[in-house]
Amino acid sequence: MHLEEFAEGNSVFHRLDPRVKFITLIPYIIVVALLQGIKYPALALTVSILTIIITRIDKKKLLIRLFVVNIFILFLWLFLPFSHPGHDIFRIGPLTATNEGILFVLSITLKANAIVLATIALLGTSEVFSLAHALVHLKFPRKLVYLFFFFYRYISVLHSEHIRMRRAIAIRAFQSKTNLHTYRTYAYLVGMLIVRSFDHSQRIYQAMLCRGFTGKFPVFSHFELKRSDIIVGILISLITIAIGLASLQDKT
């Protein structure tokens, strides 16, 4: 399970200082989340798509990520158009879809995809360690930073352990069925995964102590802010401000 599949590349965003990424992405997410209507969320989605094009990442893997995100948004399309008050458009049995409800869920869809694409384009193009290092420089609480780092790092370890155990039961000719044996097998699988995860964490902790870990990771190379980082950061900030101001003026 490769969790840094978009971090491999040589685009502008791959080379961008991770500190600049956080400083520019967070305001962009806030502005996009507060947008209303269709026009400006669509504009934000266009901007996010342009950032993805610049990164030149694998489009097939990107579409898989977007598919997973939009599965959850699909549930909003099943309920919000029929529960939001407004002018009726069509009926499905006792349910009535409204124009305002459809526009509302469409706005949510545009904003969610814009935020996901921007996050992948900025944060997804950096390694996890560099992101954690940037958070430390930005004065985030170290315990939260380390918790984020370990959580992200060992998802892949747990996934590998799970795959190994699934292969082990497959070799023993296990076939999933709707019976008590299948339920018991899956219960054992989950239980062993938890036990082995705990044992693995203990070994990791002891190994870290043996290497002199005192609650801080020693970092030998630090970030160096370049002119290109400043230029890209200013451009992203200006785009964010422009979208926000245009949306406010449209309201007034």
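In helix α6 of this predicted model, the buried residues are Val 128, Ser 130, Leu 131, Ala 132, His 133, Ala 134, Leu 135 and Val 136. The helix covers residues 128-137, and because eight of its ten residues are buried, α6 is largely enclosed by the rest of the structure. Its buried residues pack against α2 (18-34) and α7. Just after α6, Lys 139 has a positive phi of about 70 degrees.

## The chain as a whole

The protein chain contains nine helices and two strands. Their order along the sequence is α-α-α-α-β-β-α-α-α-α-α, with the two strands between the fourth and fifth helices.

The radius of gyration of the protein chain is 23 Å, whereas a compact globule of 252 residues would have one near 18 Å. The C-alpha trace spans about 60 × 60 × 30 Å along its principal axes. Of the 252 residues, 32% count as buried. The chain exposes about 16400 Å², and carbon and sulfur atoms supply 69% of that area. Contacts between residues at least 6 apart in sequence were also sorted by separation: 74% of them join residues at least 24 apart.

## Salt bridges

Side chains of opposite charge can pair when their charged atoms come close. In this model the count comes to four salt bridges. Three of the pairs are listed here with their N to O distances.

| Basic residue | Acidic residue | N to O distance |
|---|---|---|
| Arg 19 | Asp 17 | 2.8 Å |
| Arg 196 | Glu 161 | 3.0 Å |
| Lys 226 | Asp 229 | 3.4 Å |

The surroundings of these pairs can be described through relative accessibility. In the pair of Arg 19 and Asp 17, Arg 19 is buried because its relative accessible area is 19%, under the 20% limit. Asp 17 is buried as well, with a value of 4%.

The bridge between Arg 196 and Glu 161 connects two helices. Arg 196 lies in helix α8 (residues 180-210) and Glu 161 in helix α7 (residues 142-171), so the pair ties together parts that are 35 residues apart in sequence. Arg 196 counts as partly exposed, at 31% relative accessibility.

In the pair of Lys 226 and Asp 229, Lys 226 has a relative accessibility of 39% and therefore counts as partly exposed. Asp 229, by contrast, counts as buried at 1%. Elsewhere, Glu 161, Arg 164 and Arg 196 are joined into one network by salt bridges that share partners.

## The aromatic pair

A pair of aromatic rings is described by the distance of the centres and the angle of the planes. The count here comes to one aromatic pair. It is made by Phe 174 and Tyr 186, whose ring centres are 5.8 Å apart and whose planes stand at 90 degrees, so the pair is edge-to-face. The assignment follows because planes over 60 degrees apart count as edge-to-face.

Phe 174 sits in the loop between α7 and α8, and Tyr 186 in helix α8; the pair links distant parts of the chain, twelve residues apart. Phe 174 is buried, with a relative accessible area of 18%, while Tyr 186 counts as partly exposed at 27%.

## The nonpolar patch and Phe 79

A nonpolar patch of about 950 Å² lies on the surface. Its members are Ile 64, Phe 67, Val 68, Ile 71, Phe 72, Leu 74, Phe 75, Leu 78 and Phe 79. Phe 79 belongs to helix α4 (residues 59-83). With a relative accessibility of 54%, Phe 79 counts as exposed, because the limit for that class is over 50%.

## Thr 96 in strand β2

Thr 96 is found in strand β2, which runs over residues 95-98. At 14% relative accessibility, Thr 96 counts as buried. Leaving aside residues up to four places away in sequence, Thr 96 touches Pro 81, Phe 82, Asp 88, Phe 90 and Arg 91.

Definitions and conventions
Residues numbered from 1 in each chain as written. Predicted model: local features only at pLDDT ≥ 70, side-chain atom pairs only at ≥ 80, totals over all residues. Heavy atoms only, no water. Patch = residues over 30% accessible without salt bridge, like charges linked within 9 Å, V, L, I, M, F, W, Y side chains within 5 Å. Areas by Shrake-Rupley, 256 points an atom, 1.4 Å probe, with all protein chains shown as cover. Salt bridge = Lys/Arg side-chain N within 4 Å of Asp/Glu carboxyl O. Helix = DSSP H or I, 4+ residues; strand = E, 2+ residues; numbered from the N terminus. Buried < 20%, exposed > 50% of the residue type's maximum accessible area, 1.4 Å probe, protein only. Phe/Tyr/Trp six-rings, centres within 6.5 Å; stacked < 30°, edge-to-face > 60°. Rg over C-alpha atoms; globule rule 2.2 N^0.38 Å. Contact = heavy atoms within 4.5 Å.
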